[in-house]
Amino acid sequence: MTSPLPFLPFSKPTIDEATIAAVGEVLRSGWITSGPKVQAFEAQLSEYFGGRPVRTFNSGTCTMEIALRIAGIGPGDEVITTPVSWVATANVIIEVGATPVFADIDPVTRNIDLDKLEAAITPRTKAIIPVYLSGLPVDMDRLYAIADKYKLRVVEDAAQAFGSEWKGKRIGAFGDFVSFSFQANKNITTGEGGALVLNNLEEARLAEKYRLQGVTRSGVDGIDVDVLGGKYNMSDIMAAIGLGQFANIDTITAHRRALARHYFEQFGSDFEALSGAQLPVQDFDNSNWHLFQIILPDNGPGTRATFMQQMAQQNVGTGYHYAPIHLFTMYRERGFTEGMFPVAEKIGRLTVTLPMFYAMTPQDVERAVATVKSILIK
């Protein structure tokens, strides 16, 4: 029976009226591509990350590709990453001509298993791309100890981790390259878009070239191109949205953490035993709670598709993040097969994303949990 309550999506952006008005001002200004709003947004992001250089782009995907190019990664090189991420994380490795190598994930955190990552390193390994699934960082101390030991560059796929921390330090305020996404369902959005935190101004200048056709301008009419760039710049329209969103980042993160706490309270201490499902790690210090994901029981009453359909019938939206990358046709054609990364394959088959967004209320959480229980606990 369909619920009489309105549909509860698994994600929904919140854009306030002040931000909508700011976009209108940009449209009226006559300057709608990269301009003063982009510069202001980058300056605020740089301050947020402790003064590190930050450059913005039209997607989070291209930030990772550009980081790899700045690091000199190319044909003959291997880059290790996780099979459980949006496919962009691995695609960018292929884009620069390098070879993607996967390491299986930790069954509890669902992030890349750092022991397996270290075991996958070969003389050809030049970089690693860890992913902070749902906004939960990996063990950053261990990650960078491995990178230092083997002299590897790190491109942090922090697409979901804006506002996350590690031992009181913001993700992005330390480390090597750090990539963020501002896609529509992220904790803060610019509609689409991304940002790359860099190590120094030399890297930042190179990032600027890569994002706009490799162009360097000088004087009144001087122009040169010395690297192959693309068209990846952020517009002032997007930056105006980002500035409005960024102003509320601390409130957004605190609210999401409160919603996550309420999820655990509502599920209760006996949910896993009664249902056979697995809840995420209860981390309220480091994670920004971009997503709230459960792992369905392997011997549950139906498939994941059945569960998602039953949730939808009660007007509660769900998603899943993510299908294992190595099982996509393009990656199978590169030699990857089923059984290579069993933890990733199991979680990829059983993971479900429950509603989590800034406009949610405690009552929305209670409704989502009650719906899950009505399906899984008989």
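**Pro53**

I began with the contacts of Pro53, taking contact as heavy atoms within 4.5 Å. Leaving aside neighbours within four places in sequence, Pro53 is in contact with Ser46, Leu196, Val197, Leu198, Asn199, Asn200, Leu201 and Ala204. I also checked Glu202, 149 residues from Pro53 along the chain: the two C-alpha atoms are separated by 9.7 Å. Pro53 sits in the loop between helix 2 and strand 1 (54–57). Helices (H or I, at least four residues) and strands (E, at least two) are DSSP runs, numbered from the N terminus. Is Pro53 buried or exposed? Its relative accessibility is 12%, so Pro53 counts as buried. The cut-offs are under 20% relative accessible area for buried, over 50% for exposed and partly exposed in between, with a 1.4 Å probe and protein chains only.

I note that this is a predicted model, in which local features need pLDDT of at least 70 and side-chain atom pairs count only at pLDDT 80 or more, while totals for chains, interfaces and linings use all residues. Residues are numbered from 1 along each chain as its sequence is written, and side-chain values use heavy atoms, with hydrogens and water left out.

**Cores**

Next I looked up the largest nonpolar core, meaning a set of buried Ala, Val, Leu, Ile, Met, Phe, Trp, Tyr and Cys residues joined through side-chain atoms within 4.5 Å. It has 45 residues, and Tyr263, Phe267, Phe292, Ile294, Phe307, Leu354 and Val372 touch the most other members. Elements that each supply at least two residues of this core include helix 9 (249–267), strand 12 (292–295), helix 11 (304–313) and helix 14 (362–376). Which helix gives the most? Helix 14 does, with six residues. I then listed the partners of Phe307, not counting residues up to four places away in sequence: Ile294, Leu296, Val352, Val372, Ile375 and Leu376. A second, separate core has 43 residues, among them Phe41, Val54, Met140 and Met234.

**Helix 11 and helix 14**

The axes of these two helices come within 10 Å and cross at roughly 130°. Axes are lines fitted to C-alpha atoms, for helices over the stretch in contact, and angles run from 0 to 180 degrees between N-to-C directions. Phe307, Gln310 and Met311 in helix 11 meet Ala368, Thr371, Val372, Ile375 and Leu376 in helix 14. By class, I find six nonpolar, two polar and no charged residues in this contact. Here Ala, Val, Leu, Ile, Met, Phe, Trp, Tyr, Cys and Pro count as nonpolar, Asp, Glu, Lys and Arg as charged, and the others, Gly among them, as polar.

**Helix 2 and helix 8**

Helix 2 (residues 36–48) and helix 8 (residues 236–246) have axes that come within 8 Å and cross at roughly 35°. Phe41 and Leu45 are among the helix 2 residues in the contact, and Leu243 and Phe246 among those of helix 8. The contact divides into 10 nonpolar, two polar and two charged residues.

**Backbone oddities**

Most residues other than glycine have a negative phi, and most peptide bonds are trans. I noted three places to check. The peptide bond from His321 to Tyr322 is cis, with omega near 15°. Tyr322 lies in the loop between helix 11 and helix 12 (329–332). Lys151 is not a glycine, yet has a positive phi of about 55°. At 72% relative accessibility, Lys151 counts as exposed. Trp289, also not a glycine, has a positive phi of about 55°. Trp289 is buried, with a relative accessible area of 4%.
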